[in-house]
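Hi everyone, thanks for coming. Today I'd like to walk you through a few side-chain contacts, so let's put the structure up on the screen.

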Amino acid sequence: MSGRFMIYGATGYTGKLTARVAAQKGLKPILAGRNASKVQAIAEPLGLEWAAISLDRPNALDKALEKVDAVLHIAGPFSATSKPMLDACIRTKTHYLDITGEIDVFEACAARDEEARKAGIMVLPGVGFDVVPSDCLAAHMKRRLPEAERLEMGIAGMGNMSHGTGKTMVESISTGTRVRRGEKIVALGKTPRRTMDYGKGESNSIAVGWGDVSTAYHSTGIPDITIYFEASKDMERMAGLGPAARWVMGTGPVQRFLKKQIERMPEGPTDEQRAASFTTLVGEATDSADNVVRSRLETPEGYTLTAETGLEIAQRAAAGNVKIGFQTPSNAYGADLITEFDGVRREDLNA
């Protein structure tokens, strides 16, 4: 493969991990971020080129992007950073990739499909975990049951979170449980619950407003979509919050307090924790005649997988292996993309 790409946001937990894996693979991305000393400290030991760029300086950002064919945007929260980076990618005709899991960011990117097509670029948010494995699983379920009208997916084994993931989840507290019903994204007053078998028997699962509420619809056209996490004590507490409590937790002072608490936690899982962990996803699709198909997907730990999928897709995009316009991972590279990575196993649970 030829072409050059940039990793923007190289100083966060996921950015540092991705940069390290890139160097191990012999790749030569440009590492970038706001803080020159922090980016330099990461790039130079890895023998990688680096640049200090702020998203609020469009001229400098454009100049940097003109050196590359694609950008792998890792600097969250994407609710704040996606738009300025995508604006710059459209101006400079640079393929845009990110690792968001935020519903609103996916929808905002989808709304700019025409602009992306005019610029001749691919806009592919969600090239990590989530949503590469879950999006590929959703497309696989649609392939197994083409007339599916309802899709439910469960995720287990999320484990320790990075600061960025934690802050994103804090920002979503006030929105309630978002699902897709009749092709539209809606927030439910009562959080759906069910059991799912992640390979060790039925486990309690709680619905969450995860990115696939957006992307799985764009990939499959299935009108009703609900995403679940395997239940934990923290999730049980969050699911039990009423509208008033959610509103309070969404106010500025409380949000700032919660994010400061996250900053005091470990930056993310250690290498040993990542190596010892894995995630399991379950998909269930149902049609109007109540025909049901189920499949299960096992993958490496989420941050480990994000570095692998993000770098693979960045290489493809930089080399010109793209579909122009807004895309999801499975729309761009097929439902079987996830099966190309080491440590991934997909199993169809019924005929």
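Here's something to look for first: the charged end of which residue sits over the ring of Y333? It is R316, and its charged end lies 5.1 Å from the centre of that ring. Please keep in mind that this is a predicted model.

Now to rings that meet other rings. The structure has two aromatic pairs. One of them brings together Y13 and Y303 in an edge-to-face arrangement, with 5.2 Å from centre to centre and 85° between the planes. Where do these two tyrosines sit along the chain? Y13 belongs to helix α1, residues 13-24, while Y303 belongs to helix α14, residues 302-318, so the pair links distant parts of the chain, 290 residues apart. Both have little accessible area: Y13 is buried at 14%, and Y303 is buried at 9%.

W210 and F229 also form an edge-to-face pair, with centres 4.7 Å apart and planes at 70°. W210 is in the loop between β11 and α9, and F229 is in strand β12, so this pair ties together parts that are 19 residues apart in sequence. Are these two residues buried or exposed? W210 is buried, and F229 is buried as well.

Let's finish with the cysteines. How many disulfides are there? The count is zero. Take C89: the closest cysteine sulfur, in C109, is 9.9 Å from its own, which is too far for a bond because the cut-off is 2.5 Å. C89 is buried, at 0% relative accessibility, and C136 is buried too, at 1%.

Methods:
Residues are numbered from 1 along each chain as its sequence is written. This is a predicted model: local features need pLDDT of at least 70, side-chain atom pairs count only at pLDDT 80 or more; totals for chains, interfaces and linings use all residues. Side-chain values use heavy atoms; hydrogens and water are left out. Buried means under 20% relative accessible area, exposed over 50%, partly exposed in between (1.4 Å probe, protein chains only). Rings of Phe, Tyr and Trp (its six-membered ring) pair if their centres lie within 6.5 Å; planes under 30 degrees apart count as stacked, over 60 as edge-to-face and the rest as tilted. Helices (H or I, at least four residues) and strands (E, at least two) are DSSP runs, numbered from the N terminus. A charge sits over a ring if NZ of Lys or CZ of Arg is within 6 Å of the ring centre and within 35 degrees of the ring normal.
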